[in-house]
Amino acid sequence: ITTRLVGSEMCIRDRFMIRIVSRGSNVTYANPYILIDRLYEVKYNVTYNFGDSTQTVAVSEGDKLNPTVGSKEGYDVTWYTDEARTQKYDFNTEIKGDTSLYAEYSIQSYKVTFNHGEGIEADEVIVNYGEKVSAAEGKKEGYTVAWYADAEFTTPFDFNVAITGPTTVYAKYTANTYKVTFVHGEGVEDEEVSVKYGEKVSAAEGKKEGYTVTWYADAECTT
């Protein structure tokens with residue numbers, strides 16, 4: 001038995017001879033022997049150890065392994081030649097015998113950017129694949145922030161959805177509205193108006209005939 005390369009595959013050649021025998025005729029063969037070659041492709045077992053399971057595949061001698069084997073969404077995989085995972089496997093290596101490989105998975109992390117807009121510095125946090133991100137606080141005094149998945153503010157961002165890649169969240173600020181109460185005192189009914197943050201309020205008219213009203217910021221009428 002010998003070996004030889006057929007195309008790009010290593011094979012074993014099993015060479016033997018057969019003799020041709022003529023029955024019922026007077027035919028004579030000058031060389032009644034024929035040389036026959038049988039070719040066998042050499043394959044080896046490659047065992048992938050994923051940690052919680054294993055998979056064994058047959059690989060032709062001289063072939064190289066696929067570096068994407070064991071890919072897992074949200075994780076980086078590194079293959080080692082030892083169970084202690086100290087020696088990384090070189091995927092440029094040609095298979096020359098039975099091989100065992102051991103996977104080590106590390107979770108991927110992604111940057112989540114909170115875009116406040118309007119010249120306000122963005123917030124950035126790092127979140128692992130499959131985890132959820134908490135909403136950033138607003139940075140604009142007197143405004144309430146709502147977070148959206150798009151810059152056009154058409155789709156509210158769902159903070160119950162797990163992060164699976166780099167993400168940008170967009171802030172939409174709405175001015176707060178405050179109640180301004182004009183206290184007339186002395187049994188006169190108060191007045192209330194709503195005013196947005198940053199706007200000015202107009203003075204209410206007095207309600208006491210024959211008197212001029214002056215408005216103060218405190219009940220003692222000092223300021």
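User: Which residue in β9 does S109 stand opposite?
Analyst: This is a predicted model. In it, β8 and β9 pair in the antiparallel sense, over 6 bridges. Strand β8 covers 109-115, and β9 covers residues 123-128. Opposite S109 in β9 stands N128.

User: What is the strand order of the open sheet that holds β9 and β8?
Analyst: This sheet is open and has 4 strands, with mixed pairing. The twist averages 25 degrees from one strand to the next. The order is β9-β8-β11-β10.

User: Which strands of that sheet stand at the edges?
Analyst: An edge strand here has a single partner strand, so one side of it is left without a neighbour in the sheet. The strands placed this way are β9 and β10 (143-148).

User: How many helices and how many strands are there in the protein?
Analyst: Read along the sequence, the pattern is β-β-β-β-β-β-β-β-β-β-β-β-β. Every element in that pattern is a β. The count is 0 helices and 13 strands.

User: What order do the strands take in the open sheet with β5 and β4?
Analyst: Again 4 strands form an open sheet, and the pairing is mixed. Strands β5 (54-60) and β6 (75-80) each have a single partner strand, so they stand at the edges. The order is β5-β4-β7-β6.

User: By how many degrees are neighbouring strands of this sheet turned against each other on average?
Analyst: The sheet in question is β5-β4-β7-β6. Direction is ignored for this angle. The average is 30 degrees.

User: What is the bridge partner of Y48 in β5?
Analyst: Strand β4 spans residues 43-49. It pairs with β5 in the antiparallel sense, over 7 bridges. The partner of Y48 in β5 is Q55.

User: How many residues does the largest nonpolar core have?
Analyst: V112, F114, V133, W147, F157, I163 and V169 have the most contacts inside this core. Strands β8 and β11 each supply at least two of its residues. Apart from it lies another core, of 12 residues, with V46, V59, F91 and A103 among them. The largest core has 13 residues.

User: Which residues does V169 touch, not counting residues up to four places away in sequence?
Analyst: V169 belongs to the group with the most contacts inside the largest nonpolar core. The residues V169 touches include two others from that group, V112 and F114. The full list is V112, T113, F114, N115, W147, Y148 and F157.

User: Which residue forms a salt bridge with K111?
Analyst: A search of the whole structure finds 6 salt bridges. In this one, the closest N and O atoms are 3.7 Å apart. K111 lies in β8 and its partner in β9, so the pair ties together parts 13 residues apart in sequence. The partner is E124.

User: Is E124 buried or exposed?
Analyst: The cut-off for exposed is over 50% relative accessible area. E124 has 52% relative accessibility. K111, at 40%, counts as partly exposed. E124 therefore counts as exposed.

User: What is the N to O distance in the salt bridge of E192 and K179?
Analyst: E192 lies in β13 (residues 191-196) and K179 in β12, so the pair ties together parts 13 residues apart in sequence. Both E192 and K179 are exposed. The distance is 3.5 Å.

User: Where does K207, the salt-bridge partner of E191, lie?
Analyst: The side chains of E191 and K207 meet at 4.0 Å, N to O. E191 is partly exposed at 26%, and K207 is partly exposed at 42%. E191 is in strand β13, and the two residues are 16 apart. K207 lies in the segment after β13.

User: Which side chain makes a polar contact with that of N176?
Analyst: N176 sits in the loop between β11 (167-175) and β12 (177-182). Leaving aside neighbours within four places, N176 is in contact with G142, Y143, T144, V195, K196 and Y197. The polar contact spans 3.3 Å, and the partner is Y178.

User: How far apart in space are A175 and E199, C-alpha to C-alpha?
Analyst: A175 is found in strand β11. A175 and E199 are 24 residues apart in sequence. The distance is 9.9 Å.

Note on methods:
Residues are numbered from 1 along each chain as its sequence is written. This is a predicted model: local features need pLDDT of at least 70, side-chain atom pairs count only at pLDDT 80 or more; totals for chains, interfaces and linings use all residues. Side-chain values use heavy atoms; hydrogens and water are left out. A polar contact is a pair of N or O atoms within 3.5 Å; within protein, one must be able to donate a hydrogen and the other to accept it, and residues adjacent in sequence count only if both atoms are side-chain atoms. Contact means heavy atoms within 4.5 Å. A nonpolar core is a set of buried Ala, Val, Leu, Ile, Met, Phe, Trp, Tyr and Cys residues joined through side-chain atoms within 4.5 Å. Buried means under 20% relative accessible area, exposed over 50%, partly exposed in between (1.4 Å probe, protein chains only). Two strands pair if DSSP finds at least two bridges between them. Axes are lines fitted to C-alpha atoms, for helices over the stretch in contact, and angles run from 0 to 180 degrees between N-to-C directions.
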